[in-house]
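Biologist: I'm new to this one, so could you walk me through it piece by piece?
Modeller: Sure, let's put it on the screen and start from there.

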Amino acid sequence: MKKKILTLLLAATMTASVFTGCSDSKERSKTETTAPASGDETTTADNSQQKEKIDINMAVLKGPTAIGFIKAWEDSDKGTASNNYKVTAYGAADEISAGIIKGDIDIAAVPCNLASVLYNKTKGEIQVAAINTLGVLYMVSTGEEIDSIAGLKGKTIYSTGQGTTPEYTLNYILTKNGLTPGTDVTVEYKTEAAEIASLLSENKEAIAMLPQPYVTTVLLKNENAKIIFDMTEEWSKVSDNASLVTGVVVVRKDFIEEHKDAFDSLMNDYEASASYVNDNIEEAAALVESHDIFAASVAKKAIPYCNITFKTGEEMKKDIHAYLEVLHTANPASVGGALPDDKFYYIP
């Protein structure tokens, strides 16, 4: 009898805590991502209030777009997340595209423009639910300090990503600062970031645009290298403060329709995870390494520059639409041929 009374009292205490929880995102992150003590039976004291966990097939890319979900991923492996997240980290975006189209992947963290391409390719069968990563591009120099983008006139910039979003981003920023790519500024594109890192180590006057975590890798190995421009900040200066968007969360529409509660709980887990990463960099870096994304030593230095975030709703829609407009103007194929309509955006 005493045991039954104690169980009921513990259940009541847990229920009360739900209604007195702090709304501050940092505190929410801590409460949502803290695992219960081993053997603590109070977590199942009131089964009537618990939703059944389901398996969710999720895909991430091995890079910054995977970092925001890393704590939720770890919690799922330990059995303490809201659902069972079956996460696969892919090396190339086209692998994720195939899985989403076939229905093998329910939810994915992908480049923003790929979300638009998938929406057009599937005729509206996927939606974008959140921005998980803002800009990760930085300009690095081994030579003189340059105070403004206009100061790049007459320079050569090395970069990866020809024909993809890095090229469109760079061209947009250069053009908005009065520079014509190919005339005022020479841009030499390389296939591999490692090749650019080598050029920076050999040339004392080199300038390059790279994404994280490659920027951090260069800075760790080359004492002469320094960041001269945060391309996210430079984008905001010339685009009415619209954000430079790198990664987003996409979901199959039929998954939302069939598992609305599970999807909502995933979004809560994702937001808490992103907050945890930003507030606990060293611990998050260790998780990044344990899940084979990249080394903890690099992750620890790179995370503060990866712009991990979690934007939803109208703010998400505004930033994504503004970004896709720029890409569409540069090359319609980069967004799948046409800008997506309002049904592209999942607004709860």
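## A covered strand and its surroundings

Modeller: Let's begin with strand β5, residues 137-141, which is mostly covered, with 5 of its 5 residues buried. Keep in mind that this is a predicted model.

Biologist: Which residues point one way from β5, and which the other way?
Modeller: The residues of β5 split into two groups, and all are buried. Y138 and V140 make up one group. Pointing the other way are L137, M139 and S141.

Biologist: Which residue in β8 is the bridge partner of L137?
Modeller: β5 and β8 (residues 207-211) are paired in the antiparallel sense, over 5 bridges. Go to L137 in β5 and look across to β8, and the partner you find is P211.

Biologist: And what stands opposite M139 in β9?
Modeller: Strand β9 covers residues 226-230 and runs antiparallel to β5, with 4 bridges joining them. Across from M139 in β9 you'll find F229.

Biologist: Why does S141 count as buried?
Modeller: S141 belongs to strand β5. Buried means under 20% relative accessible area. S141 counts as buried because its relative accessibility is 2%.

Biologist: Which backbone nitrogen does the side chain of S141 reach at 3.0 Å?
Modeller: Past its neighbours within four places in sequence, S141 touches A206, I207, N224, A225, K226 and I228. A polar atom of its side chain also lies 3.5 Å from the backbone oxygen of E144. As for the nitrogen at 3.0 Å, that one belongs to G143.

Biologist: Is G182 buried or exposed?
Modeller: G182 sits in the loop between α7 (165-176) and β7 (186-189). Its C-alpha atom is 9.6 Å from that of N171, which is 11 residues away along the chain. Exposed means over 50%, so at 63% relative accessibility G182 counts as exposed.

Biologist: In what order do the 6 strands of the open sheet come?
Modeller: The pairing in this sheet is mixed. Its edge strands, each pairing on one side only, are β2 (84-90) and β11 (308-311). Neighbouring strands are turned by 25° against each other on average, direction ignored. Read across, the order is β2-β1-β3-β10-β4-β11.

Biologist: Which residue in β2 is the bridge partner of N57?
Modeller: Strand β1 (residues 55-61) and β2 run parallel, joined by 7 bridges. Follow N57 over to β2 and you land on K86.

Biologist: What angle does the direction of helix α15 make with that of β4?
Modeller: Helix α15 (residues 313-330) packs on the sheet, where it touches β4 (126-134), β10 (245-252) and β11. Its direction relative to that of β4 makes an angle of about 85°.

Biologist: At what angle do the axes of α5 and α6 cross?
Modeller: Helix α5 (residues 93-102) and helix α6 (residues 112-121) have axes that come within 11 Å. Their contact is made by A93, S97, I100 and I101 of α5 and L114, L118 and K121 of α6, which divide into 5 nonpolar, 1 polar and 1 charged. The crossing is right-handed, and its angle is roughly 35°.

Biologist: How far apart are the axes of α4 and α12?
Modeller: Helix α4 (residues 70-78) packs against helix α12 (residues 260-279) at an angle of about 115°. I70, K71 and A72 in α4 meet D269, S273, Y276 and V277 in α12. The residues of this contact divide into 4 nonpolar, 1 polar and 2 charged. The distance between the axes is 7 Å.

Technical notes. Residues are numbered from 1 along each chain as its sequence is written. This is a predicted model: local features need pLDDT of at least 70, side-chain atom pairs count only at pLDDT 80 or more; totals for chains, interfaces and linings use all residues. Side-chain values use heavy atoms; hydrogens and water are left out. Two strands pair if DSSP finds at least two bridges between them. Axes are lines fitted to C-alpha atoms, for helices over the stretch in contact, and angles run from 0 to 180 degrees between N-to-C directions. Contact means heavy atoms within 4.5 Å. A crossing is left-handed if the near helix is turned anticlockwise from the far one by less than a right angle, and right-handed if clockwise. Ala, Val, Leu, Ile, Met, Phe, Trp, Tyr, Cys and Pro count as nonpolar, Asp, Glu, Lys and Arg as charged, and the others, Gly among them, as polar. Buried means under 20% relative accessible area, exposed over 50%, partly exposed in between (1.4 Å probe, protein chains only). A polar contact is a pair of N or O atoms within 3.5 Å; within protein, one must be able to donate a hydrogen and the other to accept it, and residues adjacent in sequence count only if both atoms are side-chain atoms.
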